[in-house]
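Let us walk through this structure step by step. Keep the sequence and the model side by side.

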Amino acid sequence: MAEPLNILVILGSVREGRMAEPVGRWVLEEAAARPELACEMVDLKEWALPFYPYADAPAKGNYQDPLQQRWADKIASADGYVLIAPEYNHGPPAVLKNALDFVYAEWHRKPVSFVGYGGNGGARSIEQLTAIARELRMAPLEASVHIMGVWGKVKDGAFTGDERDVKWLDHLFDEIGWWGRTLRAGRAG
């Protein structure tokens with residue numbers, strides 16, 4: 001068996017009482033049954049990335065700040081990403097957009113998928129994030145999970161997906177696995 005893909009599951013909210021954390025833990029628990037995937041949770045709350053204050057655009061790759069370089073190293077270490085994408089006011093949270101904008105080349109030619117919740121299962125957040133991912137030269141996948149009624153699926157701090165959520169998450173894992181292996185081989189070649 002090939003080396004497992006390193007998939008970062010990025011929590012896209014830092015709000016107190018956020019649903020991103022239990023949803024992200026659910027993604028990790030479900031991924032544990034997939035030996036081809038080595039998933040790691042990345043909590044933006046722990047990174048505290050400032051809103052981009054640096055003179056050089058990230059596309060230049062001239063990372064002068066140690067925090068920016070650590071973020072670049074973390075993002076570069078991955079073979080793909082699952083963004084836990086709540087919908088705030090018909091779009092993604094600013095903290096998630098900022099995390100995407102903080103570095104540039106490290107995202108390139110890697111698959112990304114989304115687990116959304118909020119209005120319409122996070123559909124509008126995911127739609128905007130898909131466009132952003134394309135600009136970052138990522139490979140956004142059609143395999144996303146749109147969780148309907150997330151608040152009713154969390155009990156004692158734990159999220160439990162229904163049959164539909166589990167089905168779509170399995171599809172997401174299948175797709176990110178295939179694209180992750182394919183694009184890793186392409187980046188190596």
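Helix α1 passes helix α6 in a right-handed crossing. The model that shows this crossing is a predicted one. Two packed helices are described by the angle between their axes and the distance between the axes. For α1 (residues 20-31) and α6 (residues 163-188), the angle is about 65 degrees and the axes lie 11 Å apart. Which residues make the contact? From α1 come W26, V27, E30 and A31. From α6 come D165, V166, L169 and F173. By class, the residues of this contact comprise 6 nonpolar and 2 charged, with no polar ones.

Turn next to strand β1, residues 5-11. How many of its residues are buried? The count is 7 of 7, so the strand is mostly covered, taking buried to mean under 20% relative accessible area. Its side chains point two ways. L5, I7, V9 and L11 point one way, and N6, L8 and I10 point the other way. Both sets are buried. β1 also has a partner: strand β2, residues 37-43. The two pair in the parallel sense, over 7 bridges. Within this pairing, V9 stands opposite M41 of β2.

Now move to the loop between β3 (80-86) and α4 (94-101), where E87 is found. Is E87 buried or exposed? Its relative accessibility is 10%, and therefore E87 counts as buried. Its side chain has polar partners. One is the side chain of R124, in a polar contact at 2.6 Å. Another is the backbone nitrogen of A123, which the side chain of E87 reaches at 3.4 Å. Setting aside neighbours within four places in sequence, E87 is in contact with Y117, G119, G122, A123, R124 and S125. A123 and R124 thus appear in this list of contacts too.

The same loop, between β3 and α4, also holds H90. Most residues other than glycine have a negative phi. H90 is not a glycine, yet its phi is positive, at about 70 degrees. H90 is partly exposed, with a relative accessible area of 47%. A48 also has a positive phi, of about 45 degrees, although it is not a glycine. Where is A48? It sits in the loop between α2 (44-47) and α3. A48 has a relative accessible area of 56%, so it counts as exposed.

Continue into helix α3, residues 66-76, where Q68 is found. Q68 is buried, because its relative accessible area is 1% and buried means under 20%. What is Q68 in contact with, leaving aside its neighbours within four places in sequence? The residues are Y52, Y54, Y63, F102 and V103.

Y63 leads on to a further site, as Y104 is also in contact with it. Y104 lies in the loop between α4 and β4 (111-117). At 21% relative accessibility, Y104 counts as partly exposed. Beyond its neighbours within four places in sequence, Y104 is in contact with P58, A59, Y63, E135, L136 and R137. Take R137 from that list. Y104 and R137 are 33 residues apart in sequence, and their C-alpha atoms are 8.9 Å apart in space.

How values were computed: Residues are numbered from 1 along each chain as its sequence is written. This is a predicted model: local features need pLDDT of at least 70, side-chain atom pairs count only at pLDDT 80 or more; totals for chains, interfaces and linings use all residues. Side-chain values use heavy atoms; hydrogens and water are left out. Axes are lines fitted to C-alpha atoms, for helices over the stretch in contact, and angles run from 0 to 180 degrees between N-to-C directions. Helices (H or I, at least four residues) and strands (E, at least two) are DSSP runs, numbered from the N terminus. A crossing is left-handed if the near helix is turned anticlockwise from the far one by less than a right angle, and right-handed if clockwise. Contact means heavy atoms within 4.5 Å. Ala, Val, Leu, Ile, Met, Phe, Trp, Tyr, Cys and Pro count as nonpolar, Asp, Glu, Lys and Arg as charged, and the others, Gly among them, as polar. Buried means under 20% relative accessible area, exposed over 50%, partly exposed in between (1.4 Å probe, protein chains only). A polar contact is a pair of N or O atoms within 3.5 Å; within protein, one must be able to donate a hydrogen and the other to accept it, and residues adjacent in sequence count only if both atoms are side-chain atoms. Two strands pair if DSSP finds at least two bridges between them.
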